[in-house]
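Here is a short briefing on one predicted model. It goes topic by topic.

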Amino acid sequence: MSSFAKFDSRRALRYSVVAAGACASLFLASCSGARVGDESSAVESCVDTSGDSIKVGFINSLSGTMAISETTVNQSLKMAADEINADGGVLGKQLEIVEEDGASEATTFAERSQRLIQDECVAAVFGGWTSASRKAMLPVFEDNNALLFYPVQYEGLESSPNIFYTGATTNQQIVPALDYLKDDLGAKKLFLVGSDYVFPRTANMLIKQYAEANGMEIVGEQYTPLGSTDFTTIANRIASSGADAVFNTLNGDSNVAFFRQYNSLGLNAETMPVISVSIAEEEVQGIGPSTVQGQLTAWNYYQTIDTPENVAFVERFKQRYGQDRVTSDPMEAAYTSLFLWKEMVEKADSFAVDDVKAAADGVSFDAPEGTVVVDGDNHHITKTARIGRINADGLIDTIKESDAPIVPDPYLTGYDWAEVSDAESAGSAQ
């Protein structure tokens, strides 16, 4: 089934082991690996609901290699909180923000999220970017029966009773990107390049399965540590690979060095297009629009979406942060996440975690990307897939989109080619 047709049936989750790499932080007592539907922990909450305000936690990388991407997410969360407060708050309580810097380190995300839960007693936490940061935080939230709203597209193969995923899962981004390369570009040979951590390695495992089932060949696969700036060898391998296209899962400021080296070899969007799943408008500004003009992206939101909701959203963001600023998919998903939590709390008439989770199914929000709906079974949301092309102004134009929002299928149970064993799922975090 092409992912550009509506995936219109809910699939039962195939439970797999939550990645063992989440236990990398030595101070954590356990890695529970619970799935949606597991019984909640008996941990007693310290959230104080007696006053006129309620605490919420924001955790983003405001320093380190991921700051290029996560600073905007933090700003969009603050904008959402201010808008909610101006409209009366949540259950009549004003949101009080407690902020932590994840500093682009997975263990720091785990340590500081634990502080937000246990010391600051926040009602919910919003943030994270890399899958390494999410997997490090997962056992913290499960062990404390707290809520994390994670705003970034990721590799799938996960669901947690304590995480709501407001970015795309695999069938809402990776699979539509592959469908576009195969069906629209006629690409037969792909080169895979990514940062060396959970998301790129797991995504590429699934990309290789898709390729095998669809008559495509993977002619190269290269990884580099987060923050890497030397792409001389990788770019030369790409240039000599004979690839029809490159599938890029690099994250953070590594993209700046990659595209500059790529272009220095005479490669461009015409000679060997790159489709990226972690480069949005914010990253394009950092790389330089002329360096990536014409290149492809796969997301669910772009600043250029022409709807009243998005035009107003972009205008508010620019008024707040500057007319030269841009919006992007992850920051829009973060903005949306705070409103979804608000809707869940008000539907439950309670800030209690178990009440919020019980009320989540079917909660919707008319987001800048379009109306999104929470799936209470797997804690993901419906998303419209959009393939984009970077223009000369550094914005991204939609060139193809799904006919309707795609129902989340994090374990790819609706795709015959996907073969993911428990062992593979556990190993994806290493």
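**Helix α3 and its surroundings**

- The buried residues of α3 pack against four strands and two helices by name: β1 (53-60), β3 (125-127), β4 (148-150), β5 (163-165), α2 (106-118) and α5.
- Those buried residues are Ser131, Ser133, Arg134, Lys135, Ala136, Met137, Leu138, Pro139, Val140, Phe141 and Glu142.
- In this helix 11 of the 13 residues are buried, so α3 is largely enclosed by the rest of the structure.
- The list takes in charged side-chain types too, including Arg134, Lys135 and Glu142.
- Helix α3 spans residues 131-143. From first C-alpha to last, α3 reaches 19 Å, close to the 18 Å expected at 1.5 Å a residue.
- At methionine 137, α3 bends by about 30°. Proline 139 follows within four residues of that point.
- Asparagine 145 comes after α3 and has a positive phi, near 45°.

**Nonpolar cores**

- In soluble globular proteins, nonpolar side chains tend to be buried together.
- Here the largest nonpolar core holds 63 residues. Leu95, Phe126, Trp341 and Met344 have the most contacts inside this core.
- Helix α11 (residues 329-348) supplies the largest share of that core, nine residues.
- A second core is separate and has 32 residues. Among them are Leu181, Tyr210, Phe247 and Ala298.
- What does phenylalanine 126 touch, leaving out residues up to four places away in sequence? Its contacts are Val56, Gly57, Phe58, Ile59, Asn60, Leu77, Phe149, Ser337, Leu338 and Trp341.

**The seven-stranded sheet**

- Seven strands form an open sheet with mixed pairing. Their order is β7-β6-β8-β9-β10-β13-β14.
- Which strands stand at the edges? They are β7 (217-224) and β14 (396-401). Each has a single partner strand, so one side of each is left without a neighbour in the sheet.
- On average, neighbouring strands of this sheet are turned by 25° against each other, direction ignored.
- Strands β9 (residues 274-276) and β10 (residues 296-299) run parallel and are joined by two bridges.
- Across this pair, isoleucine 275 stands opposite leucine 296 in β10.

**Helix α5 on the sheet**

- Helix α5 (residues 198-213) lies across β6 (189-195), β7 and β8 (245-249).
- Relative to β7, α5 runs at about 175°.
- Helix α5 is also one of the elements that the buried residues of α3 pack against.

Technical notes
Residues are numbered from 1 along each chain as its sequence is written. This is a predicted model: local features need pLDDT of at least 70, side-chain atom pairs count only at pLDDT 80 or more; totals for chains, interfaces and linings use all residues. Side-chain values use heavy atoms; hydrogens and water are left out. A nonpolar core is a set of buried Ala, Val, Leu, Ile, Met, Phe, Trp, Tyr and Cys residues joined through side-chain atoms within 4.5 Å. Buried means under 20% relative accessible area, exposed over 50%, partly exposed in between (1.4 Å probe, protein chains only). Contact means heavy atoms within 4.5 Å. Two strands pair if DSSP finds at least two bridges between them. Axes are lines fitted to C-alpha atoms, for helices over the stretch in contact, and angles run from 0 to 180 degrees between N-to-C directions. The expected span of a helix is 1.5 Å times one less than its number of residues. The bend at a residue is the angle between axes fitted to the seven residues ending there and the seven starting there.
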